[in-house]
Amino acid sequence: MGTPSTLRDDPRLKWAGLALIAIALIALPFVLAMAGTAWVRITNLAILFVLLSLGLNIVVGFAGLLDLGYIAFYAVGAYVYALLASPHFGLHLPWWAILPIGAAVACLFGVLLGTPTLKLRGDYLAIVTLGFGEIIRIFLNNLSEPFNLTNGPKGIATIDPIRFLGLDFSSATRIGEFALSGTIKYYFFLLAVLVVVIVVNLRLQDSRIGRAWEAIREDEMAARSMGINTTRMKLLAFAMGASFGGIAGGMFSAIQGFISPESFVLNESVMVLAMVVLGGMGNIWGVVLGAVLLSFVPEILRYTVEPVQRMLFGRSLIDPEVIRMLLFGLAMVVMMLFRPAGILPSAVRKRELATGREGDGDDA
Amino acid sequence: MVNGLTLGCVYAVVALGYTMVYGIVQLINFAHGEVVMIGCMVAFSVIVALAPTGLPPFVIVGAGIAAAVPACMAVGFAVERIAYRPLRNAPRLAPLITAIGVSIVLQHLALLVWSRNIIAFPQIIELKLFHFGSSETSAAISNIQIAIIATSVAMMAGLLLLVYRTRLGIAMRATSQNPQVAGLMGIDVNRVISATFVIGASLGAVAGAMVGTYYGIAHYQMGFLLGLKAFSAAVLGGIGNLAGAVLGGILMGLIEALGAGYVGDFTNVCLLDRFLPGFSAVCEASPESSLFGSNYKDVYAFIVLILVLVFRPSGLLGERVGDRA
């Protein structure tokens, strides 16, 4: 007690800070709704991307395995939800049953993909996952013949929204004078899931498993000599990352109400990777920041660059979508060159990336 | 079969680009597919510009290739400088990520220049078919296919000569064996690595022009699948091994062409109906459809890649394989 404690260490201040953040997050959608419901929807998508980035962070950040087809697991989760809760097969299971199924199926795919490749070098994994992402999309596109499983490029529509405590998330609920729109309800639902996922991630990072991943990432040989079953641990990272992707995919399905293979192209995988890289691989808060930044900046650009171009040249010269992708590509290159550990680097990762630069080139 | 061989030659030339870079820096050049795409696009632009002049078609295509090669060399050089050189001693995750970033940037720059539509190559070469038999239905080879196969063979021969007969080739082989020692022997390792990227890119440029003329279309995202298939071909043959890349490429082309045809026939719903229950309704409704038709042709390369990685990670002609992540 007598020791000089910094503000950070005071538990009361910490709780007060958390409460402040919580209030801000609860108030956020109502403030945004004043600017337009579109912004709330963008925020919801941003939270989905945060969830995806956190999932990918387990694979890339914690275990140091480059996964370039991460969106495939998102697609698997989304399609599981869509098939089990839409008129397509006439099934209407509740969300709390489907989300775990989606996570399990995505996890299974992760294991299937990881088993042959994780024994090999990291770059094989990168290219195999890259191909896997594309293959899943090709299958989704073509599995309408001869059995109509995915409805092909037309996608699956009228997917059931989430229903919870008698609330239908697809439409507005009136509480007296006050209307709570469906988008805002989804915001709170996503926020709740996000909090759970972040807590799980934080606990995971400090757990035995998390430390094993870190060891593998830093030096696989050494990790193996310390008795870590590296292949199994890597597979576990891959499977867990995949399950988080599956959960995020299921929620995407529920929120959009319509999915098609178009939503799961390679660029999406690259975007999620860019978010992880920008924020700081291996740092949970960094990844959250990266995902939020890269979700909002392109949207803000969309609303500013387009009018500016129209004003200057009379027409839109550069498609905002292109700017967005250029931004993602550049973000990855620039970050890796100048600040490889990300905006908010994780302490260990920073040390590792720094020493890697100075000396042990033979290791690479 | 002929289609497969032609396609295989193109894959082989692209795979050589991957395998050369891998042999020297032990890294996959993720942007190589994009280099091929840019080669295709530049060749396309030149061919479109020259098409109305009435020059002989082979001169026009030659000019297209001649323009594409330096353009791709520049891109290859830039990729190495930006994405690989500064990070040569960094953990291997870093250059992979920059390479992905560079390839996304290249893709979307190409989108800005050449639009997002599928662009059609002008039909300047009149298609002539040469039949192997006397009847009209016997197997045939077109003049374009002959040209592609001949060009590919010439490129491969040229590359082999370069690697095994010139000073640069000796330097390249030395660098791939041990960069430090090669440096001590007075070899400018940086220059050799640059040269490797540039040569790989020029092969990619020619391959891009060939793909464009063969399919008659180009698209800003074409590099991705092509690159993936060529990489699978390089792994199939044994990455880092030049002969392996050629063999792998040709095999991959054959697998894709024959696989699309035969797997489709074998999984025809009516054929399946004879062995498995449950297919009869589908068979009656659409007797032509099959479980895995030609729309799955892009999947075969990937399946081959996985199978090779599981059963023979060093590839058909490979010597060594690292298992470090």
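The legends below describe close-up views of a predicted model with chains A and B.

**Figure 1. Overview of the two chains in the predicted model.** Chain A contains 13 helices and 6 strands, and 47% of its 364 residues count as buried. Chain B contains 13 helices and 4 strands; of its 325 residues, 50% are buried. Contacts between residues at least 6 apart in sequence were also examined for each chain. In chain A, 73% of such contacts join residues at least 24 apart, and in chain B the figure is 75%.

**Figure 2. Confidence in the model, with a view of the stretch 320–325 of chain B.** The model has an ipTM of 0.73 and a pTM of 0.79. For chain B the mean pLDDT is 78, and 81% of the residues reach 70 or more. Residues 320–325 of chain B have a pLDDT below 50. In the model, this stretch nevertheless has 13 contacts beyond near neighbours in sequence.

**Figure 3. The largest nonpolar core, seen around A:Ala274.** This core comprises 211 residues, and the members that touch the most other members are A:Ala274 and B:Ala12. Helix α1 of chain B (residues 2–25) gives the most to the core, contributing 15 residues. When neighbours within four places in sequence are set aside, A:Ala274 is in contact with A:Leu294, A:Phe328, A:Ala331 and A:Met332. Three of these partners, A:Phe328, A:Ala331 and A:Met332, are among the buried residues of helix α12 of chain A, the subject of the next view.

**Figure 4. Helix α12 of chain A and the helices it packs against.** This helix covers residues 320–338, and its 19 residues reach 26 Å from the first C-alpha to the last, close to the 27 Å expected at 1.5 Å a residue. Its buried residues include A:Arg324, A:Met325, A:Gly329, A:Val333, A:Met335 and A:Met336. What do the buried residues of α12(A) pack against? They pack against α10 (266–279) and α11 (284–313) of chain A, together with α3 (57–84) and α4 of chain B.

**Figure 5. B:Thr98 and its contacts in both chains.** B:Thr98 lies in helix α4 (residues 93–114) of chain B. Is B:Thr98 buried or exposed? B:Thr98 is buried, because 28 other C-beta atoms lie within 10 Å. Not counting residues up to four places away in sequence, B:Thr98 touches A:Met332, A:Val333, A:Met336 and A:Leu337 of chain A, as well as B:Ala83 and B:Leu87 of chain B. B:Val79 is 19 residues from B:Thr98 along the chain, and their C-alpha atoms are separated by 9.3 Å.

**Figure 6. B:Asn241 in a loop of chain B.** The loop that holds B:Asn241 runs between α9 (222–237) and α10 (242–266) of chain B. B:Asn241 counts as buried because it has 22 C-beta neighbours inside 10 Å, where 20 or more are required. B:Gly23 is 218 residues away from B:Asn241 in sequence, yet the two C-alpha atoms are 7.2 Å apart in space.

**Figure 7. Helix α2 of chain A and the bend at A:Leu56.** Helix α2 of chain A (residues 37–62) has 26 residues, so at 1.5 Å a residue it should span 38 Å; the end C-alpha atoms are 36 Å apart, which agrees. At A:Leu56, α2(A) bends by about 40°. The helix is mostly covered, with 19 of its 26 residues buried. Just after α2(A), A:Gly64 adopts a positive phi of about 70°.

Methods. Residues are numbered from 1 along each chain as its sequence is written. Chains are lettered from A and ligands numbered from 1 in the order in which they are written. This is a predicted model: local features need pLDDT of at least 70, side-chain atom pairs count only at pLDDT 80 or more; totals for chains, interfaces and linings use all residues. A nonpolar core is a set of buried Ala, Val, Leu, Ile, Met, Phe, Trp, Tyr and Cys residues joined through C-beta atoms within 7 Å. A residue is buried if 20 or more other C-beta atoms lie within 10 Å of its own, exposed if 12 or fewer, and partly exposed in between; C-beta atoms are placed from the backbone. Helices (H or I, at least four residues) and strands (E, at least two) are DSSP runs, numbered from the N terminus. Two residues are in contact if their C-beta atoms, placed from the backbone, lie within 7 Å. The expected span of a helix is 1.5 Å times one less than its number of residues. pLDDT is the predictor's confidence in each residue, from 0 to 100. The bend at a residue is the angle between axes fitted to the seven residues ending there and the seven starting there.
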